[in-house]
Amino acid sequence: MKKTVLTFGLISGGMIAVMMFAALPFTDSAWLQSHSMVVGYTTIVLSFMLVFFGIRSYRENIGGGTITFGRAFAVGILITLISSVLYVVTWEIMYFGVPSFGERFMTMCVAHIKNSGASPEAIQTQLNQLKYLDNPFINAALTFTEPFPVGLIITLISALILRTKTKLQPGGNSATAEA
């Protein structure tokens, strides 16, 4: 299981990292700023498609064509965890390591909050909460909550689709699969 999980998790996380760094030169683009969530979550969903392919690869190559929901979920959630950690590492490098990126991101967040139409008290509360992003541990924890729920949903769906409890034996008999 380790090889399958590492392979598909690293490829998935690598896809996210490449897309994040590829978008970096365009962070000042008004179009990207207004569509960043769509672009970001589309990238996350596409990279998490490797969860499906990782579970299927495990089922076919290691499980002999069968896999239980539990084993499929375990494979998928481990791929999701690896990919999500790579997402967080990439974000931390960009936020704290790329000159002026963190400042530009915060400026964009402040402008978004001020233009939200919320009450002055709500705006001030949100602005105070942004200060927590300067702590790398809190930043990492909050960043982890972006891709992980998407990966969890894709893992659940993939495990449901790909699970097989029995495999037909030669002669038409069925046997319970060991996972």
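Okay, let's start with helix α1, residues 2-23. It has 22 residues, and at 1.5 Å a residue it should span 32 Å; the C-alpha atoms at its ends sit 31 Å apart, so the two values agree. Bear in mind that this is a predicted model.

Which residues of α1 are buried? They are Thr4, Val5, Phe8, Gly9, Ser12, Gly13, Ile16, Ala17 and Met20.

Let me pick one of those. Threonine 4 is part of helix α1, and it counts as buried because its relative accessibility is 9%, where the cut-off for buried is under 20%. What does threonine 4 touch, once we skip residues up to four places away in sequence? The answer is Gly54, Ser57, Tyr58 and Ile62.

Now compare that with leucine 10. Leucine 10 is also placed in helix α1, but here the relative accessible area is 46%, so leucine 10 is partly exposed. Skipping residues up to four places away in sequence, leucine 10 touches Val5, Ile82 and Leu86. And here's a nice pair to look for on the screen: leucine 10 and valine 85 are 75 residues apart in sequence, yet their C-alpha atoms are 9.8 Å apart in space.

That takes us to the whole chain. How many helices and strands does the protein chain have? Seven helices and two strands. If you read along the sequence, the pattern goes α-α-α-α-α-α-α-β-β. The chain has 179 residues, and 34% of them are buried. Take the contacts between residues at least 6 apart in sequence: 75% of these join residues at least 24 apart. As for the outside, the chain exposes about 10,300 Å², with carbon and sulfur atoms supplying 68% of that.

Next, the inside. The largest nonpolar core has 31 residues, and the ones with the most contacts inside it are Met20, Phe48, Val51, Ile55, Val75, Ile79 and Leu130. Which helices each supply at least two residues of this core? Those are α1, α2 (30-61), α3, α4, α5 (120-130) and α7 (148-162). The helix that gives the most is α3, with seven residues. You've met Met20 already, by the way, among the buried residues of α1.

Let's zoom in on isoleucine 55, another name from that core list. Leaving out its neighbours within four places in sequence, isoleucine 55 is in contact with Ile67, Ala72, Val75, Gly76, Thr155, Ser158, Ala159 and Leu162.

Some of those names come back in α7. The buried residues there are Val150, Gly151, Ile154, Thr155, Ser158, Ala159 and Leu162. Why do we say they lie on the same side of α7? Because they cover an arc of only 155° around the axis. We can run the length check on α7 too: its 15 residues, at 1.5 Å a residue, should span 21 Å, and the end C-alpha atoms are 20 Å apart, so that agrees as well.

Helix α5 has a shorter list to remember: Ile123, Leu127 and Leu130 are its buried residues. Their arc around the axis is only 50°, so they are on the same side of α5. What covers these buried residues includes α4.

One more buried residue, this time in α6. Asparagine 139 lies in that helix, residues 136-144. Is asparagine 139 buried or exposed? Buried, because its relative accessible area is 2%. Its contacts, not counting residues up to four places away in sequence, are Trp91, Glu92, Tyr95, Phe96, Tyr132 and Leu133.

Two small details to finish. How many salt bridges does the structure hold? One. It joins glutamate 60 to arginine 59, and the closest N and O atoms are 2.6 Å apart. The partners sit in different classes of burial: arginine 59 has a relative accessible area of 14%, so it is buried, while glutamate 60, at 40% relative accessibility, counts as partly exposed.

The other detail is about backbone angles. Most residues other than glycine have a negative phi. Serine 100, though, has a positive phi of about 70° and is not a glycine. Where is serine 100 found? In the loop between α3 (69-97) and α4 (101-114). At 36% relative accessibility, serine 100 counts as partly exposed.

Terms used:
Residues numbered from 1 in each chain as written. Predicted model: local features only at pLDDT ≥ 70, side-chain atom pairs only at ≥ 80, totals over all residues. Heavy atoms only, no water. Salt bridge = Lys/Arg side-chain N within 4 Å of Asp/Glu carboxyl O. Buried < 20%, exposed > 50% of the residue type's maximum accessible area, 1.4 Å probe, protein only. Helix = DSSP H or I, 4+ residues; strand = E, 2+ residues; numbered from the N terminus. Expected span 1.5 Å × (residues − 1). Contact = heavy atoms within 4.5 Å. Core = buried A, V, L, I, M, F, W, Y, C linked by side-chain atoms within 4.5 Å. Arc of directions from axis to C-beta. Areas by Shrake-Rupley, 256 points an atom, 1.4 Å probe, with all protein chains shown as cover.
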